[in-house]
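Trainee: I would like a close look at the charge pairs here. Please take me through them one at a time, and then set them in the wider picture.

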Amino acid sequence: MWHRVAAFIIKFRVALLVALLLATAFMGYKATQVQLSYQYGDAIPRDNPKYIEYQAFRQKFGEDGKIMVIGLQKEDFFEQNFFSNYAKLVADLEKIDAVENVMSVPGAVNIIKDTTTGKLATYKLIDKFGADNIDTLKETFLNLPFYKNLLYNSETNAYMMAISLKKEVINSKARQPLIREIVAMADEFGTANDVQMHYSGLPYIRATVMTMIKGEMRFFLILSFALTAIILMLFFRSIMAVITSMIIVGIGVVWTLGTIVLLGYEITLLTGLIPSLVVVIGIPNCIYFLNKYHTEYQRSPNKPRALLRMVDRMGIVTLFTNMTTAIGFGVFAFTHSNLLRTFGVVASLDIVALFIISLIFIPALYSFLPPPKGRHTNYLENKWINKLLQSFTRWVFRHRPVIYVLSALIIGLSIWGMARLEAIGYIVDDLPEDEVVYTDLKFFEKNFNGVMPLEIVIDTRRKNGATSLTTMKKIDALNRHIQKYPEVGPSLSIIEGVKFARQAYYNGDSSSFGLPNMFDVAFIQPYLQAKSDSGSMFSQVVNSFVDSNKQVARISYSMLDIGTKRLPPILDSIQPKALSLFDTAKYDVTFTGVSIVFLEGSRFIINSLRNSILLAFIMIFGCMVFLFRSWRILLISIVINIIPLVITAGIMGWSGIVLKPSTVLVFSIALGITVDVTIRFLVNFRQELAKNKDDISATVDKTIKDTGLSIIYTSLILIAGFGVFILSRFDGTKSLGLLTSITLFIAMVTNLILQPALLLWMDKVLSKSKSPKWFIGDDDEDNEE
């Protein structure tokens, strides 16, 4: 079959090259339309209860992750000149079209009781007192408990403003320039007034991270191209071999971006890695084909015959190695997570495309080129690699017991290390601790208990139930319980608004900041029943925390980014208190918000990746059963490919690297790639076995020599290619690069040392049986030379 494929490619090479060129031009056109993703929450499936609850919350109350915060620390914050400049900054920010409102000290609203009408009235402090009467403004502001720990921390002299951004902007490409504009204005103020500005909030974090992703995507693509080109040049000593390989992976990158657009996807943190992965994964195809071409030409200097033999012998090998790699990525397509599914679909399709591109382009192009010269095949006699392979061979034939004992000890230590693994994730844990996004987040966690949204929704199941005194007392009791947790910041709800109004009723006495009793509730109740369009600013504030029917109340918290290990116990201890206060026969209590969605998403992704690894094992080794039709070979290949994963997991456990989506991802990807080496070795072993008349020792020796060179070079390129991700500023990407490189190195060693040793051991076992056949269906016929 593969001989006919090779003949077809050579015969119709011009037409195939033109078709490939046209397809690439089309994909290139589509690639120009690729867009970055600005959405959040794609980690969990649409039918997940937590996702459904979150979407219902957003539909009722709007986006919870639309607040950007700006903070600073200054002892003389209310100094005349500084405060005037700060008030001007707030006013300038409010003029930006995409800004809905700015909650700040200058813009703080006070509620008073009108002495003439007896009704509540509101005013902004800056409007009443102006920038010239700072002392009175300060005194009034500090007498309002509503804003304490919300806009200022009196103990640390930290102050904050909260900027509410329009939903349609923060979920579009307009978010990046908007955040840059806000930061530029605040930085200008900070420079002019000699104060350090701090920024956080989900819109800022997402915008900054997306900018970093875009920059790293370009950086890693260029670096992976340069690094692989250098290694290929050292390997082949041929400019044309390097150019050919670079063209192939370049086409693969163009097809990747085009595929993303054709499928209606966008660039995310995961899909942004695929172009660089394509460069790294595509190079082994080139090495396998060109190495076989040079080997065949060295044996018999006949270019057409060498090209035909290249496709004939390497077509099946490269097909299955690409299939297993595609499976390693493709299993993510079976998850219910949009984030993982997109990554899996695009990566697997493009790996298959890389195989087709390589299969067509290399024999077609080299049929036009002159035959290789002596210097182009000198690498086949590389001295240091041949010495290394001879050393491997000596160990395999002379020290097998030592290999088995060392392997057992390492596996035992690795399993012990695996028992130390923990699954922990943070919303911004992929960022290094010295990154400004991270340090600024810690500023807000230290001074304001964080910025991560946590929402509790109380459904009273009856109209006006959320504004009843009974319900408000229950909400206040729950809030007092939650405030016992230092990880959770101050709340914002109808309760805080009502307490503020009660303080106004008693002429601004801060000691009256509390829930109304049965006597003064009659004064406040009409404002609670008023509609948001009544013209009362107080009613507008109240209505932002209840729905239009006053049936559902919302309690908003900002909390620390405490991770997926500490958050569940806190929620588990809060929920019983909530259920004891709100009878489930009368109330529905829902915990939601970005913090809950992230927790659920992290759990879901880790569980999905674990299932994906199992599915990858089944599918990959199913392919190997089809390819080799030997349970003995299957058993050896399973052992050889499990060991690198176990050792990597053990290293993670001993070094304290936690399980999170970016690290669990390593195992499925690495499995798909490391199996390629096993297939390359075993296919050659099978082909040589008949030639050596079932002499296992001679076959193993010959297979190590024939495949060792290409296995070492492809492994080095893959290790270097994944190793570039260690330079990432994202800890998750660093871990992906480091752990995958370690796994690939271990896989190279086990395939060239432990696998041959196991083949020789299996031969001894089979020699004692009555039917020592390795492969079903082998007729021991001589392969055509």
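Mentor: Happily! Let us begin with the term itself: a salt bridge is a side-chain nitrogen of Lys or Arg within 4 Å of a carboxyl oxygen of Asp or Glu. Please keep in mind that this is a predicted model, in which local features need pLDDT of at least 70 and side-chain atom pairs count only at pLDDT 80 or more, while totals for chains, interfaces and linings use all residues. Residues are numbered from 1 along each chain as its sequence is written, and side-chain values use heavy atoms, with hydrogens and water left out.

Searching the whole structure gives 17 salt bridges. Take Glu 296 as the starting point. Lys 292 bridges to Glu 296, with 3.4 Å between the closest N and O atoms. Both residues sit in helix 11 (residues 274-299), four residues apart, so about one helical turn separates them. Helices here are DSSP runs of H or I with at least four residues, strands are runs of E with at least two, and both are numbered from the N terminus. Arg 299 also forms a salt bridge with Glu 296, and here the closest N and O atoms are 3.6 Å apart. Arg 299 and Glu 296 are three residues apart in helix 11, again about one helical turn.

How exposed are these partners? Buried means under 20% relative accessible area, exposed means over 50%, and partly exposed lies in between (1.4 Å probe, protein chains only). Glu 296 is buried at 6%, and Lys 292 is buried at 9%. Arg 299, with 43%, is partly exposed.

Helix 16 (residues 436-448) offers another pair. Lys 442 and Glu 445 meet there in a salt bridge, 2.9 Å from N to O. The two lie three residues apart in that helix, about one turn. Glu 445 counts as buried because its relative accessible area is 12%, whereas Lys 442, at 30%, is partly exposed. Going back to helix 11, shared salt-bridge partners link Lys 292, Glu 296, Arg 299 and Arg 309 into one network.

As a general point, side chains of opposite charge can pair when their charged atoms come close. Glu 435 makes a nice contrast. This residue lies in the loop between helix 15 (400-418) and helix 16, and it is buried but has no salt bridge. The nearest side chain of opposite charge belongs to Arg 729, 4.0 Å away; in that count Lys and Arg are positive and Asp and Glu negative, with His and the chain ends not counted. Beyond four places in sequence, Glu 435 touches Met 212 and Arg 729, where contact means heavy atoms within 4.5 Å.

Now look at the loop between helix 10 (239-262) and helix 11, where you will find Thr 271. Thr 271 is buried, at 0% relative accessible area. Setting aside residues within four places in sequence, its contacts are Ile 260, Glu 266, Thr 342 and Phe 343. Phe 343 is 72 residues away from Thr 271 in sequence, yet their C-alpha atoms are 5.3 Å apart.

For the wider picture, the chain has 26 helices and 11 strands. Its C-alpha trace spans about 110 × 50 × 45 Å along the principal axes. Of its 785 residues, 59% count as buried.

The largest nonpolar core (buried Ala, Val, Leu, Ile, Met, Phe, Trp, Tyr and Cys residues joined through side-chain atoms within 4.5 Å) holds 262 residues, and Ile 70 and Tyr 147 touch the most other members. Helix 22 (residues 594-628) gives the most to this core, 17 residues. Outside its neighbours within four places in sequence, Tyr 147 contacts Ala 108, Val 109, Phe 141, Tyr 152 and Phe 500. For the chain as a whole, among contacts with a separation of 6 or more, 80% join residues 24 or more positions apart.
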